Amino acid sequence: MAKLDFTLAIAFSAIALIGLLSAALCLRKALRVSGERDGDFKMFLWALGAMVGLIVAGMSAAYILLPIFFTHSSM
């Protein structure tokens, strides 16, 4: 069982890291587009992308990674 937990932890850590990285890049792009004229819709879409990245990272961390880490830390 520990081998499966290790594989899941590696896979979902990568997903969480990719989600955080994409959220940071989307937020950076949203802030850059906010200064443009008529860039409101683009800014909204980039901010929406940042929110989706944060949700993916948070959900994978909260529902997959934390239970695995708590299970193995009590042993």
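How many helices and strands does the secondary structure of the protein chain come to? In this predicted model, the answer is 2 helices and 0 strands. The legends below treat the chain as a whole, then the helix pair, the loop and individual residues of helix α1.

**Figure 1. Overall dimensions of the protein chain in the predicted model.** The C-alpha trace spans about 55 × 15 × 15 Å along its principal axes. The radius of gyration of the protein chain is 17 Å, whereas a compact globule of 75 residues would have a value near 11 Å. Of the 75 residues in the protein chain, 20% are buried. Contacts between residues at least 6 apart in sequence were also examined, and 67% of them join residues at least 24 apart.

**Figure 2. The pairing of helix α1 with helix α2.** Helix α1 comprises residues 2-33 and helix α2 comprises residues 40-73. Their axes come within 7 Å and cross at roughly 160°. Because angles over 145 degrees count as roughly antiparallel, α1 is roughly antiparallel to α2. The crossing in which α1 passes α2 is left-handed. Sorted by class, the contact of α1 with α2 has 22 nonpolar, 7 polar and 3 charged residues.

**Figure 3. Asp-38 in the loop between the helices.** Asp-38 is located in the loop between α1 and α2. The phi angle of Asp-38 is positive, at about 55°, although this residue is not a glycine. Is Asp-38 buried or exposed? The relative accessibility of Asp-38 is 73%, so the residue counts as exposed, the cut-off for that class being over 50%.

**Figure 4. Surroundings of Ala-23 in helix α1.** Ala-23 belongs to helix α1 and has a relative accessibility of 5%. Ala-23 therefore counts as buried, a class that requires a value under 20%. Which residues does Ala-23 contact, once its neighbours within four places in sequence are left aside? They are Ala-50, Gly-53 and Leu-54. A further distance can be traced from Ala-23 to Trp-46, which lies 23 residues away along the chain. The C-alpha atoms of these two residues are separated by 9.0 Å.

**Figure 5. Surroundings of Cys-26 in helix α1.** Cys-26 is placed in helix α1 and counts as buried because its relative accessibility is 13%. Apart from neighbours within four places in sequence, Cys-26 is in contact with Trp-46, Gly-49 and Ala-50. Ala-50 is also one of the residues in contact with Ala-23. Between Cys-26 and Met-51, 25 residues apart along the chain, the C-alpha separation is 8.8 Å.

**Figure 6. Ser-22 of helix α1 and its distance to Leu-54.** Ser-22 is found in helix α1. The relative accessible area of Ser-22 is 28%, so this residue is partly exposed, falling between the limits of 20% and 50%. Ser-22 and Leu-54 are 32 residues apart in sequence, and their C-alpha atoms are 8.4 Å apart in space.

**Figure 7. Surroundings of Leu-20 in helix α1.** Leu-20 is a residue of helix α1, and its relative accessibility of 45% is the reason why it counts as partly exposed. When residues up to four places away in sequence are not counted, Leu-20 touches Gly-53, Leu-54 and Ala-57. Gly-53 and Leu-54 are also among the contacts of Ala-23. A distance along the chain is given by Leu-20 and Ile-10, which are 10 residues apart. Their C-alpha atoms are separated by 15 Å.

Notes:
Residues are numbered from 1 along each chain as its sequence is written. This is a predicted model: local features need pLDDT of at least 70, side-chain atom pairs count only at pLDDT 80 or more; totals for chains, interfaces and linings use all residues. Side-chain values use heavy atoms; hydrogens and water are left out. Axes are lines fitted to C-alpha atoms, for helices over the stretch in contact, and angles run from 0 to 180 degrees between N-to-C directions. Helices (H or I, at least four residues) and strands (E, at least two) are DSSP runs, numbered from the N terminus. Angles under 35 degrees count as roughly parallel, over 145 as roughly antiparallel, 65 to 115 as roughly perpendicular and the rest as oblique. A crossing is left-handed if the near helix is turned anticlockwise from the far one by less than a right angle, and right-handed if clockwise. Ala, Val, Leu, Ile, Met, Phe, Trp, Tyr, Cys and Pro count as nonpolar, Asp, Glu, Lys and Arg as charged, and the others, Gly among them, as polar. Buried means under 20% relative accessible area, exposed over 50%, partly exposed in between (1.4 Å probe, protein chains only). Contact means heavy atoms within 4.5 Å. The radius of gyration is taken over C-alpha atoms; the globule rule is 2.2 Å times the number of residues to the power 0.38.
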